[in-house]
Amino acid sequence: MSATFPTVSFASNVIRHRPCGKCHAPMSLLHTKPARIGFDLRTFECSNCNSVESSTAESTAYRWTQGDLQPPK
């Protein structure tokens, strides 16, 4: 008898490449740092033209703490 494990999808936590505002080439995530409670400042760099862009996004750690997860009893 084989064990059955639930399938877990982390697709919502994937940070996708974003297009560069100048040359439209894919940008890579350079670093992430906390901006304010529940949000991160993400900095992206273009490998084609070396352009750097930053954006604020909801923190995945903050979403985890606001979910239905409970500590073990």
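Strands here are DSSP runs of at least two residues, numbered from the N terminus. With that in hand, we can say where Asn50 sits: in the loop between β3 and β4. We'll come back to that loop once the rest of the chain is in place. Keep in mind that what you're looking at is a predicted model.

Let's start with the overall layout. The chain has 1 helix and 4 strands, and if you read along the sequence you meet them in the pattern β-β-β-β-α. The chain has 73 residues, and 16% of them are buried. The accessible surface adds up to about 6200 Å², with carbon and sulfur atoms providing 56% of that. As for contacts between residues with a separation of 6 or more, 25% of them join residues 24 or more positions apart.

Now for the sheet. Strands of a sheet pair through backbone hydrogen bonds, and they can do that either parallel or antiparallel. Here the 4 strands make an open sheet in the order β1-β2-β3-β4, with antiparallel pairing. β1 and β4 stand at the edges with a single partner strand each, so one side of each has no neighbour in the sheet.

Walk across it from the β1 edge. Strand β1 covers residues 18-19 and pairs with strand β2, residues 26-36, in the antiparallel sense over 2 bridges. If you want a landmark, find Arg18, which stands opposite Met27 in β2. The hairpin of these two strands has 6 residues between them, and His24 is in that loop. Take a look at its backbone: His24 has a positive phi of about 65° even though it is not a glycine. Is His24 buried or exposed? Its relative accessible area is 61%, and since the cut-off for exposed is over 50%, His24 counts as exposed.

Next door, β2 pairs with strand β3, residues 39-46, again in the antiparallel sense, this time over 8 bridges. You can follow the register residue by residue: His31 stands opposite Thr43, Thr32 has Arg42 as its bridge partner, and Lys33 stands opposite Leu41. In a regular strand the side chains alternate between the two faces of the sheet. The hairpin of β2 and β3 has 2 residues between the strands, and there Gly38 takes a positive phi near 85°.

The last step takes us from β3 to β4, which pair in the antiparallel sense over 7 bridges. One pair to look for is Asp40, opposite Ala57 in β4. These strands form a hairpin with 5 residues between them, and this brings us back to Asn50. Like His24 before it, the residue is worth checking for its backbone: Asn50 has a positive phi of about 65° although it is not a glycine. At 55% relative accessibility, Asn50 counts as exposed.

While you're at β4, stop at Thr56. The strand runs over residues 52-58, and Thr56 is part of it. Its relative accessible area is 43%, so Thr56 is partly exposed. Which residues does Thr56 touch, leaving aside its neighbours within four places in sequence? The answer is Ala35, Arg36, Phe39, Asp40 and Leu41. Lys33 makes a useful reference point too: Thr56 and Lys33 are 23 residues apart in sequence, and their C-alpha atoms are 9.7 Å apart in space.

So what sits in the interior? The largest nonpolar core has 5 residues, namely Cys20, Ala25, Met27, Phe44 and Cys46. Ala25 is a good place to zoom in. Not counting residues up to four places away in sequence, Ala25 touches Arg18, Pro19, Cys20, Cys46 and Asn48. Two of these contacts, Cys20 and Cys46, are core members as well.

Finally, let's look at charge. Side chains of opposite charge can pair when their charged atoms come close. How many salt bridges does the model have? The count comes to 1. That salt bridge is between Glu53 and Arg18, with the closest N and O atoms 3.0 Å apart. The pair links distant parts of the chain, since Glu53 is in strand β4 and Arg18 is in strand β1, 35 residues apart. Arg18 counts as partly exposed, at 24% relative accessibility. You've met Arg18 twice already, as the residue opposite Met27 and as one of the contacts of Ala25.

Notes: Residues are numbered from 1 along each chain as its sequence is written. This is a predicted model: local features need pLDDT of at least 70, side-chain atom pairs count only at pLDDT 80 or more; totals for chains, interfaces and linings use all residues. Side-chain values use heavy atoms; hydrogens and water are left out. Buried means under 20% relative accessible area, exposed over 50%, partly exposed in between (1.4 Å probe, protein chains only). Contact means heavy atoms within 4.5 Å. Accessible areas come from the Shrake-Rupley method with a 1.4 Å probe; for residues, only the protein chains shown count as cover. A nonpolar core is a set of buried Ala, Val, Leu, Ile, Met, Phe, Trp, Tyr and Cys residues joined through side-chain atoms within 4.5 Å. Two strands pair if DSSP finds at least two bridges between them. A salt bridge is a side-chain nitrogen of Lys or Arg within 4 Å of a carboxyl oxygen of Asp or Glu.
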